[in-house]
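Subject: Structure handover

Hello,

Here is the structure for you to look over. Please open it first, then read my notes below.

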Amino acid sequence: MPDQATITELEQTALQLRVNILKMLNTANSGHTGGSLSAIDALTALFFHEMRHDPGNPRWDGRDHFVLSKGHAAPALYACLAEAGYFPPEDLKTLRRLGSHLQGHPDMKKTPGVEVCTGSLGQGLSQAIGLALAARLAKREARTYVLLGDGEMQEGQVWEAAMAAPHYGLDNLCAIVDANALQIDGEVAKVMGVAPLGPKFLAFNWHVLEVDGHDICALLQALADAKQTKGKPTMIIARTVKGKGVPFFEHKASYHGVPPSDQELVDALALLGHA
Amino acid sequence: MIATRDAYGKTLLELGRENPRIVVLDADLSGSTKTGIFAKEFPERFFNVGIAEANMVGIAAGLAAGGMIPFASTFAVFASGRAFEQIRQSLAYPGLPVNIVATHGGITVGEDGGSHQSVEDLAIMRSLPNMTVLCPADGPETSAAIRAIAGYKGPVYVRLGRAKVPVVFPNGCDFTIGKGVTLRPGSDMTFVTTGLMTAQALEAAVILETAGISARVVHMASLKPFDVDLLLQAARETGAIVTAEEHSVIGGLGGVVCETLAEGCPVPVERVGLRDVFGQSGTAEELLIHYGLTPGHLVEAAQRVLRRK
């Protein structure tokens with residue numbers, strides 16, 4: 001059980017990261033707000049508690065791997081990487097600018113701490129399987145984490161990969177679905193339903209956990225559970241709210257790919273206690 | 001006569017014995033692509049992903065990012081078509097060193113018909129930034145090419161064939177990515193060829209010699225990077241070019257030759273290949289005749305281009 005002090009500290013970190021995400025998106029005047037805010041608590045749990053990594057040595061052999069399959073949540077990833085010390089926080093102001101190492105979607109060749117290239121949906125789980133297999137072949141202890149979106153589950157390749165990970169018995173692989181129930185065109189359930197996700201992955205022979213994706217304690221417990229699971233990969237279905245933390249963004253598909261305006265930023269920071 | 005895929009399977013096994021970082025992936029075609037030879041000796045380094053090419057490419061990307069040297073194989077039509085966007089996003093965009101070795105390229109797939117005969121794969125792969133595209137002529141050159149790409153810095157697409165083809169190169173020949181080879185000197189015109197059409201052009205050159213025509217044969221296994229200097233030299237020295245490929249005349253060898261000559265040394269060109277059509281069922285031999293890919297057709301193309309000189 002993680003102690004309360006740890007959880008409180010992580011919650012404070014997640015709050016700061018939300019602020020940084022909103023500021024960088026506002027400065028860029030472009031990018032994906034809703035899905036970055038829904039994913040940030042899971043990313044906080046990974047980058048600031050669960051994963052072994054060394055910001056001073058991004059290619060450290062003993063590191064765990066993280067793949068952001070829903071690459072449009074890049075602002076959430078960049079916020080974590082900057083906070084952890086992979087690059088200076090000032091760089092966040094260059095998001096999506098010409099020549100920036102912070103591309104619209106994650107680019108392993110440009111950004112320290114980014115493991116693979118994602119952005120075209122449905123490919124990250126396959127890449128994560130490859131990383132997990134490579135670690136196993138090289139007899140490295142490394143674990144591989146991958147974050148997907150629930151709308152992304154509509155991509156056929158996800159299910160090819162869903163078959164493969166348990167087939168290879170990859171217990172060093174842990175996938176998390178940021179299940180915020182919304183995609184660009186509206187509700188996932190209305191656009192093309194993917195429910196029930198839990199039974200689907202159970203049927204594909206995964207170890208499946210469902211948690212409140214904004215409950216840091218629950219996330220840490222699920223990640224610990226995943227680490228102890230032998231012989232199969234774990235899928236954590238994190239129930240989340242798109243736009244979480246900023247009430248006027250919450251549950252709104254319209255804020256999928258829209259940055260906060262100047263006024264919205266002021267209002268949002270006030271609501272987050274960072275006016 | 002040896003099929004390029006057989007040379008691939010044998011070389012892969014040798015590489016596997018030499019380097020523990022070599023890993024191989026296949027999508028339920030390991031008997032046909034010959035990766036099964038590697039699989040038998042190194043089951044722990046072989047991943048048959050089932051009939052799921054997109055996932056295969058993604059896993060290969062992850063393996064490369066994790067420090068392995070992956071070779072991923074399936075038929076050319078599936079590698080370049082079904083998994084195109086995975087190759088683009090997961091391999092070419094980051095420039096990850098994954099070798100896509102596609103067998104059953106072109107019409108010599110034969111009886112399976114047009115659905116299984118890729119006539120566009122070289123064009124598709126050539127269009128991707130960071131990609132290297134190779135199409136060896138025979139078994140020995142395939143072995144050399146496979147050795148050359150193991151440990152190469154970026155993604156590579158290699159097109160191999162199903163059918164047995166004549167041997168052009170000696171065993172143990174060299175292979176340099178980006179370099180062409182002049183296989184026969186000549187001064188009146190040049191055949192610029194790739195894959196199994198190189199052997200056809202060498203035959204055509206012999207026929208032309210009896211008619212008093214001196215035909216050069218330049219083999220270009222490396223479609224990208226392309227040996228621009230060797231092509232321009234042939235164009236300057238012989239003044240007429242015939243390209244020959246077991247592929248559409250659009251975007252492959254004919255494409256790169258015309259693009260290069262238009263900028264560097266405009267001379268008459270005849271392109272021999274599939275004229276913007278799909279293939280069909282038949283034996284490999286019948287199909288080469290039907291689609292105009294024989295030494296006789298190359299002789300006619302040479303005569304046409306000489307009239308335009």
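The notes below go through a sheet, its helices, a helix pair and some backbone details.

Please keep in mind that this is a predicted model.

**The sheet in chain B**

Start with an open, mixed sheet of five strands in chain B, ordered β9-β11-β10-β13-β14. Its edges are β9 (181–184) and β14 (269–274) of chain B, each paired on one side only. On average, neighbouring strands are turned by 25° against each other, direction ignored. Strands β13 (residues 241–248) and β14 of chain B run parallel and are joined by five bridges. In that pair, Ala244(B) stands opposite Val272(B) of β14(B).

Two helices to check against this sheet:

- Helix α9 (residues 197–210) of chain B packs on the sheet and touches β9, β10 (189–193), β11 (215–219) and β13 of chain B. Its direction makes about 160° with that of β10(B).
- Helix α10 (residues 228–238) of chain B also packs on the sheet, touching β9, β10, β11 and β13 of chain B. Its direction makes about 170° with that of β11(B).

**Helix α11 of chain B**

α11(B) covers residues 253–264, 12 in number. From first C-alpha to last it reaches 16 Å, close to the 16 Å expected. Its buried residues are Leu253(B), Gly254(B), Gly255(B), Val256(B), Val257(B), Thr260(B) and Leu261(B). They pack against several elements of chain B, including β10, α10, β13 and β14.

**A helix pair in chain B**

Helices α1 (residues 4–18) and α8 (residues 139–149) of chain B pack at about 35°, with axes 8 Å apart. The crossing of α1(B) past α8(B) is right-handed. Among the residues making the contact are Tyr8(B) and Leu15(B) of α1(B), and Ile146(B) and Arg147(B) of α8(B). The contact residues divide into four nonpolar, five polar and three charged.

**Backbone details**

Two cis peptide bonds deserve a look. Ala195(A) and Pro196(A) are joined by one, with omega about -5°. Pro196(A) sits in the loop between α6 (188–192) and α7 (197–203) of chain A. The bond from Lys224(B) to Pro225(B) is also cis, with omega near -5°. Pro225(B) is in the loop between β12 and α10 of chain B.

Next, positive phi. His251(A) has phi near 60°, and is not a glycine. This residue is in the loop between β7 (234–239) and α9 (262–271) of chain A. His251(A) counts as exposed because its relative accessibility is 57%, over the 50% cut-off. Asp28(B), also not a glycine, has a positive phi of about 70°. Its loop runs between β2 (22–26) and α2 (30–33) of chain B. At 45% relative accessibility, Asp28(B) counts as partly exposed.

Best wishes

Note on methods: Residues numbered from 1 in each chain as written. Chains lettered and ligands numbered in written order. Predicted model: local features only at pLDDT ≥ 70, side-chain atom pairs only at ≥ 80, totals over all residues. Heavy atoms only, no water. Pairing = 2+ DSSP bridges. Helix = DSSP H or I, 4+ residues; strand = E, 2+ residues; numbered from the N terminus. Axes fitted to C-alpha atoms, helices over the stretch in contact; angles between N-to-C directions. Contact = heavy atoms within 4.5 Å. Expected span 1.5 Å × (residues − 1). Buried < 20%, exposed > 50% of the residue type's maximum accessible area, 1.4 Å probe, protein only. Left-handed = near helix turned anticlockwise from the far one by under 90°. Nonpolar A, V, L, I, M, F, W, Y, C, P; charged D, E, K, R; others polar.
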